[in-house]
Amino acid sequence: MTEQSKVKYSENGLWILKDGEHYRIGLSEKGQDDLGEVMFVEIPTDVAQVEKNDNLIGVEGAKAVTELTAPFSGKVISFNTELADNPENLNTTDRDKNWIVDLTEVDEAEFNALSDEV
């Protein structure tokens, strides 16, 4: 992490890493606990922009089937398409593997309104 990076957490079990103007969103330990072991994910492939509360990814876990939603609006840089073939990556705490989407053009006030704790 650089000096400009900061981590926040959403109520629906996501971590958000801000690094400069880029925001990477992944599944937090709370999200992992809520879902149980993830067995299947459905990733949108044609999304260029997300709005707050838009579906980011559909997830089937041992405890729940759910759609994880965006904690804020932003422009999509990329989705972690490797999750389609390796949904178990969402079960790890390794942020290099369990990330879902990279965004830019995020309202920093919306990011700062998120929690500092899981």
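Is Asn53 buried or exposed? In this predicted model, Asn53 turns out to be exposed, with a relative accessible area of 54%. The residue sits in the loop between β5 and β6, and its backbone is a bit unusual too: phi of Asn53 is near 75°, a positive value in a residue other than glycine. Glu105 tells a similar story at another loop. Its phi is positive, about 55°, although Glu105 is not a glycine. Glu105 is placed in the loop between β9 and α3 and, at 56% relative accessibility, counts as exposed.

Now for the sheet. Six strands make up an open sheet, and reading across it gives the order β1-β2-β3-β9-β8-β5, with antiparallel pairing. The edges belong to β1 (5–9) and β5 (49–50); each of these has a single partner strand, so one side of each is left without a neighbour in the sheet. Strand β9, by contrast, has a partner on either hand, β3 and β8, in that order. On the β3 side, four bridges join β3 (residues 22–27) to β9 (residues 99–104), and the two run antiparallel. On the β8 side, four bridges link β8 (residues 74–79) to β9, again antiparallel.

Val101 of β9 is a handy landmark here. Ile25 stands opposite Val101, and Phe79 stands opposite Val101 as well. As for cover, β9 is mostly shielded: six of its six residues are buried. Asp102 belongs to this picture, being buried with a relative accessible area of 13%. In a regular strand, side chains alternate between the two faces of the sheet.

What about the charges? The count of salt bridges comes to five. One of them is formed by Lys8 and Asp116, whose closest N and O atoms are 2.8 Å apart. Lys8 lies in strand β1 and Asp116 in the segment after α3 (108–112), so this pair ties together parts that are 108 residues apart in sequence. The two ends of the bridge sit in rather unlike surroundings: Lys8 counts as buried at 5% relative accessibility, whereas Asp116 is exposed, with a relative accessible area of 55%.

Another of the salt bridges sits within the sheet pairing already described. The side chains of Arg24 and Asp102 meet at 2.8 Å, N to O. Arg24 lies in strand β3 and Asp102 in strand β9, so the pair ties together parts that are 78 residues apart in sequence. While Asp102 is buried, Arg24 counts as partly exposed, at 23% relative accessibility.

A further salt bridge joins Asp33 to Lys63, with the closest N and O atoms 3.8 Å apart. Asp33 lies in helix α1 (residues 29–35) and Lys63 in the loop between β6 (55–61) and β7 (65–69), so parts that are 30 residues apart in sequence are tied together by this pair. Lys63 counts as exposed, at 58% relative accessibility.

Charge also shows up on the outside without such pairing. Glu37, Glu82, Asp85 and Glu88 form a negative surface patch. Among these, Asp85 has its place in helix α2 (residues 82–85). With 67% relative accessibility, Asp85 counts as exposed.

Last comes helix α3, which holds Asn112. Asn112 is partly exposed, with a relative accessible area of 36%. Although Asn112 and Val7 are 105 residues apart along the chain, their C-alpha atoms are separated by 9.8 Å. This fits alongside the Lys8–Asp116 contact, where strand β1 is tied to the segment after α3.

Definitions and conventions:
Residues are numbered from 1 along each chain as its sequence is written. This is a predicted model: local features need pLDDT of at least 70, side-chain atom pairs count only at pLDDT 80 or more; totals for chains, interfaces and linings use all residues. Side-chain values use heavy atoms; hydrogens and water are left out. Patches are made of residues with over 30% relative accessible area and no salt bridge: like charges are joined within 9 Å, nonpolar side chains (Val, Leu, Ile, Met, Phe, Trp, Tyr) within 5 Å. Accessible areas come from the Shrake-Rupley method with a 1.4 Å probe; for residues, only the protein chains shown count as cover. A salt bridge is a side-chain nitrogen of Lys or Arg within 4 Å of a carboxyl oxygen of Asp or Glu. Lys and Arg count as positive and Asp and Glu as negative; His and the chain ends are not counted. The place of a charge is taken as NZ of Lys, CZ of Arg, CG of Asp or CD of Glu. Buried means under 20% relative accessible area, exposed over 50%, partly exposed in between (1.4 Å probe, protein chains only). Two strands pair if DSSP finds at least two bridges between them.
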